[in-house]
Structure formats: structure tokens, C-alpha cells
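Biologist: Before we begin, could you put the sequence and the structure up, so that we can go through them together?

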Amino acid sequence: MTAFAELVAPAGWRTVDLISDLHLQASEPATFDAWQGYLQTTPADAIFILGDLFEVWVGDDAAAEPGFEAQCAEVLRAAAQHRPVFFMHGNRDFLVGAAFAARCGLQLLDDPTVLVLHDRRWLLSHGDVLCLEDTEYLQFRAQVRAPSWQSAFLARPLAERRALARSMRTQSEDRKRSPGMVWADVDADAARAWLRQAGATTLVHGHTHRPGKHALGDGLERIVLSDWDVTAHPARAQLLCLSSAGAQRVDLR
Amino acid sequence: MSNPQVELHIKDHGVITLELDQDKAPKSVENFLAYVAKGHYDNTVFHRVIPGFMVQGGGFEPGMSQKPSGAEIQNEANNGLKNDNYTVAMARTSAPHSATAQFFINVADNGFLNHTAPSAQGWGYAVFGKVVGGKEVVDKIKAVKTGRKGFHDDVPLEDVVIEKAVVKAE
């Protein structure tokens, strides 16, 4: 069993913000604006983005041409000038690469990563890999996370990759046209096993879009981050703030 | 012997009466009646409501906590019954023979859900009965306001609760 990646917060950090599942896309400018406004004003000493910042990411070269990705890059770069910004991959933006991270000043995180803050250990994950019931997705995940698949995909022309992403999106919309049953959630046994391995009591993850706090027994727990959609009623734009006082949800809207 | 009927008492909406086709879908009917008998459906919600398609329920309590369910059953979609408006069928995962407790009521003629071939793509969804009373209740349910919750876009904003499901006395 390999040890989980560990990040020890510098002593000076008082608060850390965790966000995930913003699903930023050009067609939803209001959520983009809320996110930009948040980054410009948060007093946090560090920001952790735990996956699915972007609705889709087809390669870092997408941000090289003027457009939505380049706009996002600018916002991230400005934020990272003021404080460290950490980025963990989600199931949508798993192709965000070292080039984009370097350009924006992001620090890429392994999934999972143990954050040690004020002597407390927090286990951070996107969460998708713990949804064991979603076997179809996990097979897809294994395929697209393989370096060979990624290099082959990234070798295709950008326009073709954008078209492929669109068609995959349509296919997943089609799947919704079935009386399906699996509503995958994080597997409690798997979460407990991770927490024990990490020597942590609290797992924080996103992915499921089901914000909440779940006791896992033996003093273990998992906290689920909210997704963002400021056009929903009520609007959703929420972060989890970690400090010496523990974890606190902060609604931005 | 006449077909069994089950009443779904929907809070604030009324009663839906389902007639189950024991001859054409014996396994699905037996399975559904077993869940009814042990009270599984009492205090569950219609958690997925898509007008022009179907309303799905039987798996979650209010607040979207998932209820444990029993063994997976064989898919009887090849029984000749069609996913027509106001029929009731078993929901399942992408695996053809994976239905347990969740069911759905078609609120349109959904021909694309019918059995076409014994393959993963073609199995279809097993119809095992039809609405014989309370169609207006189904119409009310399909018209409720929905929103995004979890991964889905189609969750009623106000819970549509099955208070109880009971076998109708003959």
C-alpha cells in the first residue's frame, strides 16, 4: 500500500478554503463571475480546488487561444499571485496538465492528499474513485487516466478534441433518458479504510453534489462540498473554510 | 383469477391504483408485491420526475436517503408488454437484470424503452402493470416543479411521498 501524499501547511496559515464542482463553462457566465469575485476577495491563506473546476478540459492548449479557458487562466493566475492555489483533478477536468498549472501558478495535488493544518489531518479527495457502485464510470476512469490514452487523445487536433468532448456530453445526456437506478455515493467502507490509512478523522470531498456531513463510526466522518450554480434557486456558491476551529461552510450567495 | 391491484397513496395528491399483469410478468409482479407486503414503499418518494417521459420512485426516503433493497430480478421486458403511457415498469441500472425495488410510471409512449433484443442495449425495461385508477394523480405528479439535486436535474423540489402502498382487497 503506497502512502498518501501529504501537505503540511506552513505555520502562518490561519484559514484554508476548499471548493469543488464549479463546472465552469462559457455558457454559464454568472457562475464564472461569482467565482472570480470570490477569488478576488477571499481572506484565506490558501485555496484548494478539489476537482471539476471546469465542466470539461480537452487539453492545456485550449487555453492558448483566446476564449473561455484563457479567461479562466487569467483569473487563476491573478489569484495565485496572492496566495497558494492548489488544484486536484476531477472527473471532468482530469486533463488539466503541468503546462496549464505552471502558467497559472497552480500547484497540482494528488487524489487523495492529506492536509496537515494546525496539527489536524484532513483527507482531501475529489471523491469519484470512492463511488464504488458506479462500476461503469470507474471502468471509464481507469481508461482515461492511463497515460497511453491521454497521450493518444492529446495528440489529436484541438478542434477534434473539442468536438469529441461535445459528443461525449451528448451521449451522457442520452443516458439520462433511461429509468436508471444507480445514484452513486461514496462507499462508507472505502472511506473508512482511506481515513485509517491516512491517520485522519475527516474526509472532505466533492463530486456527488450532495453537500452534507456523514458520520462513519469510530469518530470518523466525511464532509461533502457543494457544487456551484448561481442561476439555481436557491443559488449555490459555497466553500468550506478550515481553521483551528474546524470546518465551516460559507455561503457566498 | 383476476390480476392483483395495488394502491399507492400519495401524500397531498391522491391514490394511484395499479393493476399488475401476473400472467405476462410473474417475476416482476411477485417481486413488487413482496416489497409492498413488507412496507418497503411506505414513506418513499418519486425522486425523478420528467414530464414527457416518466416518473420514478420506490428507492429513496424523503431527504434522498437511499433505502436498502433486495435481490436483483430477471428482466421480463421480453413479455410483449409495451412502455406505453400510464404503464408501470421496473427501473434498473445499465445491467439488464438489475431491477430491485425502484419502478417508474411511463407518462408518454416510450417505445425506445421496449425490448428489441437480448443484448445490453436492447433488453429494454420490463412493464408489469398499468394505472387503472388515479391517472389524474399521475398527471399531477409529472407536473410538479423539479430542480437539480445530486447528479440529477429532475428531483421534485417538494417531496412527492408514497405514504403507503397496499394491495387492494378484491
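Biologist: Among contacts in chain B between residues at least 6 apart in sequence, what percentage join residues at least 24 apart?

Modeller: This is a predicted model, in which local features need pLDDT of at least 70 and side-chain atom pairs count only at pLDDT 80 or more, while totals for chains, interfaces and linings use all residues. Residues are numbered from 1 along each chain as its sequence is written, and chains are lettered from A and ligands numbered from 1 in the order in which they are written. Two residues are in contact if their C-beta atoms, placed from the backbone, lie within 7 Å. When contacts in chain B between residues at least 6 apart in sequence are taken, the share that joins residues at least 24 apart is 66%.

Biologist: How many helices and strands are there in chain B?

Modeller: Helices (H or I, at least four residues) and strands (E, at least two) are DSSP runs, numbered from the N terminus. Along the sequence, the pattern of chain B reads β-β-α-β-β-β-β-β-β-β-α-β-β-β. The count for chain B is therefore 2 helices and 12 strands.

Biologist: What radius of gyration does chain B have, set against that of a compact globule?

Modeller: The radius of gyration is taken over C-alpha atoms, and the globule rule is 2.2 Å times the number of residues to the power 0.38. For 170 residues this rule gives a value near 15 Å, and chain B agrees with it, having a radius of gyration of 15 Å.

Biologist: On which side of α1 of chain A do its buried residues lie, the same side or opposite sides?

Modeller: A residue is buried if 20 or more other C-beta atoms lie within 10 Å of its own, exposed if 12 or fewer, and partly exposed in between, with C-beta atoms placed from the backbone. In α1 of chain A, the buried residues are A:T31, A:F32, A:A34, A:W35, A:Y38 and A:L39. They cover an arc (that of the directions from the helix axis to the C-beta atoms) of only 160 degrees around the axis, which puts them on the same side of α1.

Biologist: Which exposed residues does the face of α1 turned away from its buried side carry?

Modeller: What covers the buried residues of α1 of chain A includes α2 (68-80) of that chain. The face turned away from the buried side carries the exposed residues A:D33, A:Q40 and A:T41.

Biologist: Is A:H205 buried or exposed?

Modeller: A:H205 is found in strand β8 (residues 202-205) of chain A, and, leaving out residues up to four places away in sequence, its contacts include A:L50, A:S125 and A:R222. Because A:H205 has 29 C-beta neighbours inside 10 Å, it counts as buried.

Biologist: Is A:D119 buried or exposed?

Modeller: A:D119 lies in the loop between β6 and β7 (120-125) of chain A, and its phi is near 65 degrees, a positive value in a residue other than glycine. With 7 other C-beta atoms within 10 Å, A:D119 is exposed.

Biologist: Which peptide bond is cis, with omega near 0 degrees?

Modeller: The proline concerned, A:P112, lies in the loop between β5 (106-109) and β6 (113-117) of chain A. The cis bond is the one from A:D111 to A:P112.
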